[in-house]
Amino acid sequence: GVDKLKARCEELALQPRGTRGESGGQTGHTYDISNKHRLGYSEVQLVQTMIDGVNKLYEEDLALQKKQLEFPTIQSTHSLVAKHVTKERWDKLCKHTTKTAGFTLAKAIACAVEFDNQHCGIYAGDWDSYKDFAEVFDPLIQEYHGISADAKHTSDMDFSKITGNVNPEAPVHSTRIRVGRSIDGFGLSPGITREQRVGVEKLFSSASKKFEGELAGTYYPLTGMEESVRQLLVDDHFLFMSGDKNLQASGMERDWPEGRGIFHNVDKTFLVWVNEEDQ
């Protein structure tokens with residue numbers, strides 16, 4: 001992660017900075033590496049420190065990449081990942097990266113490798129993941145949902161077919177219908193790139209301005225959110241937060257909180273979370 005890169009650079013008298021300027025953020029996983037110290041050192045010393053440091057980082061990165069191709073120790077030994085990610089399947093798929101988000105099988109099963117309490121333990125980084133890693137995803141999904149290999153989803157949105165309702169005497173405070181949707185060409189939360197995440201936010205922010213009637217409302221980006229707005233969303237139980245270890249391990253909280261936000265209509269009966277955790 002970025003914190004480990006910063007710490008290692010510190011040991012090498014270097015510092016990683018954004019490719020968009022010192023405070024402008026980085027592009028993907030590309031960083032500008034510069035000298036940590038300047039005063040008290042000659043030009044030759046500074047250049048030599050840079051050369052030696054970058055070469056050392058590259059050497060260690062190659063070793064890490066090689067290690068990442070080794071069959072991992074899956075801590076969640078009773079998980080579906082432990083059952084379906086066999087060494088044979090790992091050796092066949094571990095070097096592959098998806099086209100949309102550059103996702104890998106190692107990233108997909110990160111939670112099952114890091115933690116010992118996962119039941120499922122796998123996340124898709126983009127649409128491609130389901131296709132490219134089908135030898136793992138297909139049997140795992142079939143077992144988790146109890147469906148056959150040839151099962152197909154049948155959509156039925158005719159609410160008139162629903163009979164009855166929740167007993168009014170039941171201690172139910174509120175109900176909601178939650179639907180997750182993704183956009184073609186963009187990664188899912190575990191694999192989405194920074195540029196893609198910002199792109200999704202821009203698309204939705206623009207589209208939401210065209211909502212009319214009972215759907216009309218306001219989009220609130222998490223970046224730069226005023227405290228009064230944040231507290232109101234907290235009080236309404238609308239705001240989603242960071243800090244979940246599973247989401248962090250699976251890559252869903254990268255670049256937090258950039259590119260994320262919440263929309264709700266005037267009556268607060270229609271709510272959209274943008275770039276939350278759905279995958």
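These are my notebook entries on a predicted model, taken in the order in which I looked things up.

**Overall make-up**

I began with the chain as a whole, in which I find eleven helices and five strands. Taken along the principal axes, its C-alpha atoms fill a box of roughly 80 × 50 × 35 Å. Of the 279 residues in the chain, 32% are buried. I also looked up how contacts spread along the sequence: among those with a separation of 6 or more, 60% are between residues 24 or more positions apart.

**Helices α1 and α2**

Next I turned to helix α1, residues 2–11, and helix α2, residues 43–68, whose axes come within 10 Å and cross at roughly 135°. Angles over 145 degrees would count as roughly antiparallel and those from 65 to 115 as roughly perpendicular, so I enter α1 and α2 as oblique to each other. The crossing of these two helices is right-handed. On the α1 side the contact is made by L5, R8 and C9, and on the α2 side by K56, L57 and E60. Sorting the residues of this contact by character, I note three nonpolar and three charged, with no polar residue.

**Aromatic pairs**

For the aromatic rings, my count comes to ten pairs. I looked closely at F71 and W90, an edge-to-face pair with 6.4 Å from centre to centre and 70° between the planes. F71 lies in the loop between α2 and α3, whereas W90 belongs to helix α4 (residues 87–93), so the pair ties together parts that are 19 residues apart in sequence. The two partners also differ in burial: F71 is partly exposed, with a relative accessible area of 34%, while W90 is buried, at 1%.

The rings of F204 and F263 I also record as edge-to-face, because their planes stand at 80°, with the centres 5.8 Å apart. Here F204 comes from helix α9 (residues 194–208) and F263 from strand β4 (residues 261–265), so that parts 59 residues apart in sequence are tied together. Both F204 and F263 are buried. Following these rings further, I found that F204 and F263 belong to one aromatic cluster together with F211, Y219 and F270.

**A buried serine**

I then looked up S76, which lies in the loop between α2 and α3. Although it is a loop residue, S76 is buried, with a relative accessible area of 1%. Leaving aside its neighbours within four places in sequence, I list A82, A112, F115, D116, N117 and Q118 as the residues in contact with S76.

**Backbone geometry**

Last, I went through the backbone for departures from the usual pattern, bearing in mind that most residues other than glycine have a negative phi and that most peptide bonds are trans. The bond joining W256 and P257 is a cis peptide bond, with omega about 0°, and P257 is found in the loop between α11 (245–249) and β4.

A13 has a positive phi, near 60°, and is not a glycine; its place is in the loop between α1 and β1 (14–17), where A13 is partly exposed, with a relative accessible area of 23%. For K268, again a residue other than glycine, phi is likewise positive and near 60°. K268 lies in the loop between β4 and β5 (271–274), and with a relative accessible area of 33% I enter K268 as partly exposed.

Note on methods:
Residues are numbered from 1 along each chain as its sequence is written. This is a predicted model: local features need pLDDT of at least 70, side-chain atom pairs count only at pLDDT 80 or more; totals for chains, interfaces and linings use all residues. Side-chain values use heavy atoms; hydrogens and water are left out. Axes are lines fitted to C-alpha atoms, for helices over the stretch in contact, and angles run from 0 to 180 degrees between N-to-C directions. Helices (H or I, at least four residues) and strands (E, at least two) are DSSP runs, numbered from the N terminus. Angles under 35 degrees count as roughly parallel, over 145 as roughly antiparallel, 65 to 115 as roughly perpendicular and the rest as oblique. A crossing is left-handed if the near helix is turned anticlockwise from the far one by less than a right angle, and right-handed if clockwise. Contact means heavy atoms within 4.5 Å. Ala, Val, Leu, Ile, Met, Phe, Trp, Tyr, Cys and Pro count as nonpolar, Asp, Glu, Lys and Arg as charged, and the others, Gly among them, as polar. Rings of Phe, Tyr and Trp (its six-membered ring) pair if their centres lie within 6.5 Å; planes under 30 degrees apart count as stacked, over 60 as edge-to-face and the rest as tilted. Buried means under 20% relative accessible area, exposed over 50%, partly exposed in between (1.4 Å probe, protein chains only).
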